[in-house]
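Me: I like to see each label tied to its rule. Can we go through this one together, term by term?

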2 protein chains.
Amino acid sequence: MQKEVTIYDIAKQLQLSPATVSRALNDHPAINSNTKTIITSKALEMGYRSNMFASNLRRQRTNTIGVIVPRLDSAFMSTVLAGMEKVVNESNYNLIISQSLESIKKEVTNAKTMFDSRVDGLLVSLSSDTENLDHFNAFFRKGIPLILFDRVVQQKNCTNIVIDNLKAGYDATIHLIEQGCKRIMHVSGSLKRNVYADRLKGYRLALLEHGLPGGDELERSTNLTRQDGLDIAAYIKRMPTPPDGLFVSSDFCAVSCMGALKQSGFSIPNDIAVVGFNNDPVSLVIDPTLTTIHYPGQEMGEIAAQSLINHLNGLLRLSATNTILLNYDLIVRGSSQRVKLA
Amino acid sequence: MQKEVTIYDIAKQLQLSPATVSRALNDHPAINSNTKTIITSKALEMGYRSNMFASNLRRQRTNTIGVIVPRLDSAFMSTVLAGMEKVVNESNYNLIISQSLESIKKEVTNAKTMFDSRVDGLLVSLSSDTENLDHFNAFFRKGIPLILFDRVVQQKNCTNIVIDNLKAGYDATIHLIEQGCKRIMHVSGSLKRNVYADRLKGYRLALLEHGLPGGDELERSTNLTRQDGLDIAAYIKRMPTPPDGLFVSSDFCAVSCMGALKQSGFSIPNDIAVVGFNNDPVSLVIDPTLTTIHYPGQEMGEIAAQSLINHLNGLLRLSATNTILLNYDLIVRGSSQRVKLA
DNA sequence: ATTCATAAAGCAATCGGTTGCATAACAAAC
DNA sequence: GTTTGTTATGCAACCGATTGCTTTATGAAT
């Protein structure tokens with residue numbers, strides 16, 4: 001345990017005041033550039049590192065950004081986090097990460113912790129339980145910016161970063177229609193969440209436009225787990241008239257469902273064409289490879305973090321841009337490709 | 001922006017000194033328990049929240065734990081992080097997470113940042129580039145505890161948390177031998193890292209014990225990516241005498257290799273029996289499902305975090321336990337099961 | 001020579017808890 | 001009645017950086 005070097009030590013060595021040292025290290029204009037050079041190099045020589053706590057205490061700023069996500073152990077979320085980490089790190093901010101495990105209760109606790117940690121801003125993807133943003137009121141009152149990404153609710157105080165899930169759901173369904181599907185089923189997640197509700201809307205819209213059948217029998221809301229995929233396959237097998245197209249709001253669930261369908265003798269894509277969502281690595285593992293919507297996780301993380309940081313640095317007024325829409329891609333692979341290419 | 005409640009405000013309202021308030025809130029024995037009750041309830045009533053920066057500044061302690069991992073976007077690592085987050089959160093600590101992207105250069109930078117953030121302790125899984133722990137010297141000098149998990153190096157200053165990779169590699173290989181394999185190939189990752197080097201040793205040991213052929217032709221060191229899996233499949237196809245058993249140090253890579261092998265006409269497990277590593281979700285997606293070593297990610301995260309916290313709270317002397325070994329399981333599935341069960 | 005503007009640096013208060021040491025109050029012991 | 005001990009509380013310095021205001025130095029303008 002060795003004593004830390006402080007600006008006082010530097011000041012003493014150079015016969016200057018701590019105030020001057022502090023200003024020099026922060027590149028304050030009132031300091032002679034010559035003096036700055038001397039101080040900076042001395043600081044380096046002495047191995048000085050600023051004490052963030054003293055600084056934060058004084059400035060009422062922490063250079064820390066809080067992140068609350070539903071689960072850390074999801075392929076998608078970890079790419080988002082990777083993107084955030086990248087940006088944040090480059091801008092000299094820190095990340096405090098916590099997970100709500102899809103429970104509003106834990107989300108509330110996490111929000112409290114973040115508040116106590118005095119984060120400068122918050123990046124949140126809502127749990128499936130969450131109904132409103134009341135637990136973030138403390139942040140709104142203090143003017144701490146909140147950006148919602150992926151799982152969002154519309155609210156005027158905060159910016160949303162999403163893809164156009166309705167359109168994506170629409171595109172996925174249209175693609176199945178173009179492959180000749182006449183009876184398309186959709187498996188969605190919790191309809192409390194925009195991502196799933198919107199995709200469902202897009203699906204319905206596409207069916208409507210093409211006069212295809214829909215309704216309860218063809219719409220299943222699940223938790224999109226592996227088991228749900230198996231259950232859906234069993235359900236399909238029992239149907240008097242099984243679907244010839246299947247759009248699942250998650251690759252992982254789609255893939256487990258495909259496995260079970262194949263076991264039951266369905267041929268993919270000929271009996272049933274399948275489209276997933278997220279471009280999860282598993283989509284390339286299954287045979288046939290899975291058609292899916294590529295979801296720009298890394299990019300979403302980067303943009304969310306960058307927007308927040310820009311806002312904090314006064315480079316961007318968040319309230320001006322209420323929603324940022326990212327592009328997605330429909331990636332067509334074997335699980336849906338019936339029409340032969342010329 | 002509203003003013004924060006401080007201990008001074010509480011003190012004023014109750015006609016007490018800030019010192020007493022501070023002690024009461026920290027449950028100091030010298031304070032009358034009656035006074036404590038009064039202060040605590042007043043604090044609650046006024047909506048007081050401690051200012052961590054003032055506290056940290058004074059105590060030289062941050063209640064923050066730093067984590068450096070190779071990649072955030074890996075299934076295994078996100079379960080580890082989930083486990084850490086869980087424990088840390090319950091113990092009122094915070095997590096600062098960063099990724100080295102398998103580069104020693106970034107790992108060094110991350111370590112610096114963690115040091116500047118004055119983390120109370122560090123949990124690290126090394127990048128594949130890392131040769132030694134010199135970049136953590138600042139931590140050792142200051143007595144800040146460092147726990148290495150999964151990707152470790154032996155060093156007396158720090159605790160390691162790992163599974164017995166050698167034994168796991170041995171077990172995986174023995175399993176293939178039991179299934180009748182006579183010519184077993186092993187695909188490993190960077191041999192600089194214990195996890196891969198040890199599994200290779202275990203593999204070699206098993207071969208040796210059973211007098212089976214090994215050597216360069218049957219040992220491939222790769223980055224264990226999807227592409228590497230495809231390359232290995234191509235390599236196998238070109239071999240004059242292809243192996244009849246394949247042990248790959250990563251499920252993801254194993255799975256992509258299996259896909260390519262199937263395409264090339266190999267039957268699994270009959271022509272080639274395959275064992276992976278990690279029990280990644282994809283292992284259940286591939287057909288046949290993949291035999292693998294279950295790697296307790298969540299548990300590893302929990303134990304690493306808990307050990308560190310216990311040490312910080314003086315409940316456990318880390319130096320006493322230099323290595324913690326976790327249990328793993330060989331999960332036998334279709335990709336290797338040749339012997340019919342009675 | 002005097003006044004004034006400007007640049008550069010210092011003084012000292014401040015952020016909000018924490019903690020070693022002193023003090024006060026009161027009871028028990030001598 | 002004085003001493004000693006115990007318990008509960010207060011005083012004030014401290015952690016280290018920041019910043020409004022003041023001071024000093026320097027040169028230009030009058």
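Me: What makes the pairing of Ser55(A) with a phosphate oxygen of DNA strand D a polar contact?

Reply: A polar side-chain atom of Ser55(A) lies 3.4 Å from that phosphate oxygen. The rule asks for a pair of N or O atoms within 3.5 Å (within protein, one must be able to donate a hydrogen and the other to accept it, and residues adjacent in sequence count only if both atoms are side-chain atoms), so the pair qualifies. Thr35(B) also has a polar side-chain atom by a phosphate oxygen of DNA strand D, at 3.0 Å, while Arg58(B) places one 2.8 Å from a base oxygen of that strand.

Me: Good. What should I keep in mind about where these values come from?

Reply: This is a predicted model, in which local features need pLDDT of at least 70 and side-chain atom pairs count only at pLDDT 80 or more, while totals for chains, interfaces and linings use all residues. Residues are numbered from 1 along each chain as its sequence is written, chains are lettered from A and ligands numbered from 1 in the order in which they are written, and side-chain values use heavy atoms, with hydrogens and water left out.

Me: How many residues surround DNA strand D, and what makes a residue count as near?

Reply: A residue is near a strand if one of its heavy atoms lies within 4 Å of it. For DNA strand D, 28 residues pass, the closest being Ile7(A), Arg23(A), Tyr48(A), Arg58(A) and Thr20(B). Of the atoms of DNA strand D that come within 4 Å of the protein, 56% belong to sugar and phosphate.

Me: Which element gives the most to that surface, and why is it called a helix?

Reply: H4(A) gives the most, with five residues. Helices are DSSP runs of H or I with at least four residues, strands are runs of E with at least two, and both are numbered from the N terminus. Helix H4 of chain A spans 52-59, so the label fits.

Me: And which contacts does DNA strand C have?

Reply: Arg23(B) has a polar side-chain atom 2.5 Å from a base oxygen of DNA strand C, and Arg58(B) has a side-chain N or O atom 2.6 Å from a base oxygen. Gln60(A) has a side-chain N or O atom 3.5 Å from a sugar or linking oxygen of this strand. Here H4(B) gives the most to the surface, with four residues.

Me: How does the surface near DNA strand C divide by class?

Reply: Ala, Val, Leu, Ile, Met, Phe, Trp, Tyr, Cys and Pro count as nonpolar, Asp, Glu, Lys and Arg as charged, and the others, Gly among them, as polar. On that basis the surface near DNA strand C has eleven nonpolar, eleven polar and six charged residues.

Me: Now the protein chains. Why is the pair Glu85(B) and Lys106(A) called a salt bridge?

Reply: The definition asks for a side-chain nitrogen of Lys or Arg within 4 Å of a carboxyl oxygen of Asp or Glu. The closest N and O atoms of this pair are 3.5 Å apart, so it counts as a salt bridge. The count between chain A and chain B is two.

Me: How many residues does the contact take, and what area is buried?

Reply: With contact meaning heavy atoms within 4.5 Å, each side counts 45 residues, from chain A and from chain B. Buried area is the accessible area (1.4 Å probe) that two parts lose on being put together, summed over both; here that comes to about 4,500 Å², of which carbon and sulfur atoms give 57%. In chain A, Arg49(A), Phe53(A) and Arg118(A) lose the most area to chain B, together 15% of what that side buries.

Me: How do you know how the two copies are related?

Reply: Copies are superposed by least squares on the C-alpha atoms of residues with pLDDT of at least 70 in both. A rotation of 180° with 0.0 Å of shift along its axis puts chain A on chain B, at an RMSD of 0.2 Å. The two copies are therefore related as by a two-fold rotation axis. The same surface serves both, as 100% of the contact residues of chain A recur in chain B.

Me: Which backbone details deserve a look?

Reply: A cis peptide bond joins Ile268(A) and Pro269(A), with omega about 10°, and another joins Asp287(B) and Pro288(B), with omega about 0°. Gln15(A), in the loop between H1 and H2 of chain A, has phi near 55°, a positive value in a residue other than glycine.
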